[in-house]
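Hi,

Here is the structure I said I would pass along. Have a look at it first, and then read on for what turned up.

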Amino acid sequence: MRIWLDGALRDSTSAQVSVLDHGLTVGDGVFETLKTVDGRPFAMTRHLRRLATSARGLGLPEPDAEEVRRACAAVTEANPMPLGRLRITYTGGLSPLGSDRGTTGPTLVVAMGEATRRPDSTSVITVPWTRNERGALSGLKSTSYAENVIALARARQQAATEALFSNTKGALCEGTGSNVFVVLDGELHTPPLDSGCLAGITRALVAEWTGARETELPMDVLDRADEIFLTSSMRDVQAVHRVDGRDLPATPGPVTAKAMRVFEERSAAEPDA
Ligand code: PLP
């Protein structure tokens, strides 16, 4: 696999980042994951904008959008595949022990992997840990992801593929790597950004294209929702057929099926939506 590191394409097995990179030692970095279809990235401009927002949030120098675009294009071209996962990682860079951050400037890595189409529906669980909607990392796509790794491992133990968090107020927030939508009395809702969820790009597009409402939702909405679905760059719109062992009536329900259809059609027609 060919990846981008420090201004050039390199072989992924020999490309090297310092063991003292601040991203490795303290998780001081930000990232983006986006889908490529036949070599074309989806919603690249939005991902670049969010990368810059996350970098600003961590106090990292703003990434050079043109360089990141060039790197993504080079990696995509070097690794042809029908459905790909492009990963942009941008960290604080080499930081000798005891120093704050980056004596050499940030590290930019763009890597790619083959992706498979996700099943149309999945099983999720809720976890007892909370997202801190007032925390310094709230809403930033930072590489400090261990909390999500722990929650996802718990989901896997229960034959689920995603774990949902509440925030500190007990309101529904998001999944480890996805946003969540619920249908109540035929109306589509998703938690607002001040719930502490990431400003998901798929979430924003689905909300815009379906007219979903942003609503603060208590966690027990999951016990009563007629339909639930997840959104993310790699899942697109994925129906939930089971939550904490409760089977949902019909999967995908009519509202979810419509969101799936609308997203599939519009995203194919507007690759830089
Ligand atoms: N929430 C979290 C915590 C995520 O990590 C992600 C994506 O990885 C999402 C939501 C979904 O965001 P997007 O639709 O931009 O992929």
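Keep in mind that this is a predicted model. I'll begin with the ligand site.

In the site, a polar side-chain atom of S233 comes to 2.7 Å from a ligand oxygen atom. The ligand on its own would expose 380 Å², and the protein buries 93% of that. K141 also has a polar side-chain atom at 2.7 Å from an oxygen atom of the ligand. For T202, an N or O atom of the side chain is 2.6 Å away from a ligand oxygen.

Those three belong to a wider shell. There are 17 residues around the ligand, and the ones that come nearest are K141, Y145, E174, T202 and S233. By type, the shell splits into 10 polar residues, four charged and three nonpolar. As for where the shell comes from, strand 9 (172-175), helix 5 (201-210) and strand 13 (227-232) each give at least two residues to it. And if you go looking for the ligand among the pockets, you'll find it in the largest one.

Helix 5 deserves a look of its own. How many of its 10 residues are buried? Seven of them are, so the helix counts as mostly covered. The buried set in helix 5 is I201, T202, R203, L205, V206, A207 and W209, and T202 is also one of the residues that come nearest to the ligand. When you picture that list on the helix, recall that an α-helix has 3.6 residues a turn, so residues three or four places apart point the same way. Just past the end of helix 5, G211 has a positive phi of about 75°.

Next, some backbone geometry that you may want to check by eye. Most residues other than glycine have a negative phi, and most peptide bonds are trans. Three spots go the other way:

- D6 has a positive phi, near 50°, and is not a glycine. It is placed in the loop between strand 1 (2-5) and strand 2 (8-11). D6 counts as exposed because its relative accessibility is 53%, and the cut-off for exposed is over 50%.
- D236 is another residue other than glycine with a positive phi, this time near 55°. D236 is in strand 14 (residues 236-243). Its relative accessible area is 18%, so D236 is buried.
- T251 and P252 are joined by a cis peptide bond, with omega at about -10°. P252 lies in the loop between strand 15 (246-247) and helix 7 (254-269).

So what about the loop that holds S95, and is S95 buried or exposed? S95 is found between strand 5 (83-91) and strand 6 (107-114), in the loop that links them. With a relative accessible area of just 3%, where under 20% is the cut-off, S95 is buried. A polar atom of the S95 side chain lies 3.0 Å from the backbone oxygen of G93. S95 and T76 are 19 residues apart along the chain, and their C-alpha atoms are 30 Å apart.

Two other pairs, with their C-alpha distances, went into my notes. G186 and P254 are 68 residues apart in sequence, yet 8.9 Å apart in space. G186 sits in the loop between strand 10 (179-184) and strand 11 (187-190). At 54% relative accessibility, G186 is exposed. The other pair is R246 and D223, where 23 residues along the chain go with a C-alpha separation of 7.7 Å. R246 belongs to strand 15. Its relative accessibility is 25%, which means R246 is partly exposed.

Last, go back towards the start of the chain for H22. H22 lies in helix 1 (residues 22-26). What does the side chain of H22 make a polar contact with? The partner is the side chain of D28, at 2.8 Å. H22 is buried, because its relative accessible area of 12% is under the 20% cut-off.

If you open one view before the others, I'd suggest the ligand site, with K141, T202 and S233 shown.

Cheers

Conventions
Residues numbered from 1 in each chain as written. Predicted model: local features only at pLDDT ≥ 70, side-chain atom pairs only at ≥ 80, totals over all residues. Heavy atoms only, no water. Near = heavy atom within 4 Å. Polar contact = N/O pair within 3.5 Å; in protein donor to acceptor, adjacent residues only side chain to side chain. Areas by Shrake-Rupley, 256 points an atom, 1.4 Å probe, with all protein chains shown as cover. 1 Å grid on protein atoms, 1.4 Å probe; cavity = no way out; pocket = protein on both sides within 12 Å on 5 of 7 lines; lining within 4 Å. Sits in = over half its atoms within 2 Å of the grid points. Helix = DSSP H or I, 4+ residues; strand = E, 2+ residues; numbered from the N terminus. Nonpolar A, V, L, I, M, F, W, Y, C, P; charged D, E, K, R; others polar. Buried < 20%, exposed > 50% of the residue type's maximum accessible area, 1.4 Å probe, protein only.
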